[in-house]
Amino acid sequence: MSTSQLILELSLIGTMLLVTGVFLVRNYNKADSMGTKVQKILTGLLGAFMVMAGTVKFFDPFITMFAKQIALSELPFPILSRWTGQLGEILAGLLLLAVMIGNKVLAAPLKDKAMRLSTLLTTAIMIIAVYVHLLPSVPAEVLPLQSKPPVMTLIILGLAWLNTFLYFRKK
């Protein structure tokens, strides 16, 4: 991993944490239970992460790495797969951010649908990502964090499911 790529990744992660922190401070409520506070934090972090993960794939070196992943994994319709992956991550993240930001403005059924759709999108994307990670034809050099085991992918998937569980449990 080059120094410039590391700096880019760290600056993106820092920006993501800053934006999420600002919205969390604005939505802070002392009366919230611990589960609700955890759920709000998870919603913000996952939303910002998914937007960031989808957005960086439009810029080098990530666009090249993502295109190689798709080509080497032999996913059907490579161009459509690339766009679907990128836009799916961004949409899932924006839905989560809409749930977090519009907590008091959006109607409950709309927030519920947004949460379900974001979880469905995240689940589909992460399952495909696990498949790509496990293929012997895809080297670690073209994967996120250049790691062959899909650790981060499974963590994101687990956090998305935990977030949804906590969201609907409070109802």
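**H2 and H6.** I looked up how H2 and H6 lie in this predicted model, and they are oblique to each other, because their angle of about 135 degrees falls outside the ranges for roughly parallel, roughly antiparallel and roughly perpendicular. H2 covers residues 34-56 and H6 covers residues 151-169, and I noted their axes as 9 Å apart. I recorded the crossing of this pair as left-handed.

I then listed the contact residues. From H2 come Gly35, Val38, Gln39, Leu42, Thr43, Leu46, Phe49 and Met50. Their partners in H6 are Met152, Ile156, Leu159, Ala160, Leu162, Asn163, Leu166, Tyr167 and Arg169. Sorted by class, I have 12 nonpolar, four polar and one charged residues in the contact of H2 with H6.

**Thr153.** I checked one residue of H6, Thr153. Its relative accessible area is 8%, so I put it down as buried, the limit being under 20%. Leaving out residues up to four places away in sequence, I found Thr153 touching Met126, Ala129, Val130 and His133.

**H4 and H5.** Next I took H4 (residues 78-101) and H5 (residues 108-134), which pack at about 150 degrees with axes 9 Å apart. H4 is therefore roughly antiparallel to H5, as the angle is over 145 degrees. I noted a left-handed crossing here too.

On the H4 side I listed Gly85, Gly88, Glu89, Leu91, Ala92, Leu95, Leu96 and Val99. On the H5 side I listed Lys111, Ala114, Met115, Leu117, Ser118, Leu121, Thr122, Ile125 and Met126. By class, I recorded 11 nonpolar, four polar and two charged residues for the contact of H4 with H5.

Notes
Residues are numbered from 1 along each chain as its sequence is written. This is a predicted model: local features need pLDDT of at least 70, side-chain atom pairs count only at pLDDT 80 or more; totals for chains, interfaces and linings use all residues. Side-chain values use heavy atoms; hydrogens and water are left out. Axes are lines fitted to C-alpha atoms, for helices over the stretch in contact, and angles run from 0 to 180 degrees between N-to-C directions. Helices (H or I, at least four residues) and strands (E, at least two) are DSSP runs, numbered from the N terminus. Angles under 35 degrees count as roughly parallel, over 145 as roughly antiparallel, 65 to 115 as roughly perpendicular and the rest as oblique. A crossing is left-handed if the near helix is turned anticlockwise from the far one by less than a right angle, and right-handed if clockwise. Contact means heavy atoms within 4.5 Å. Ala, Val, Leu, Ile, Met, Phe, Trp, Tyr, Cys and Pro count as nonpolar, Asp, Glu, Lys and Arg as charged, and the others, Gly among them, as polar. Buried means under 20% relative accessible area, exposed over 50%, partly exposed in between (1.4 Å probe, protein chains only).
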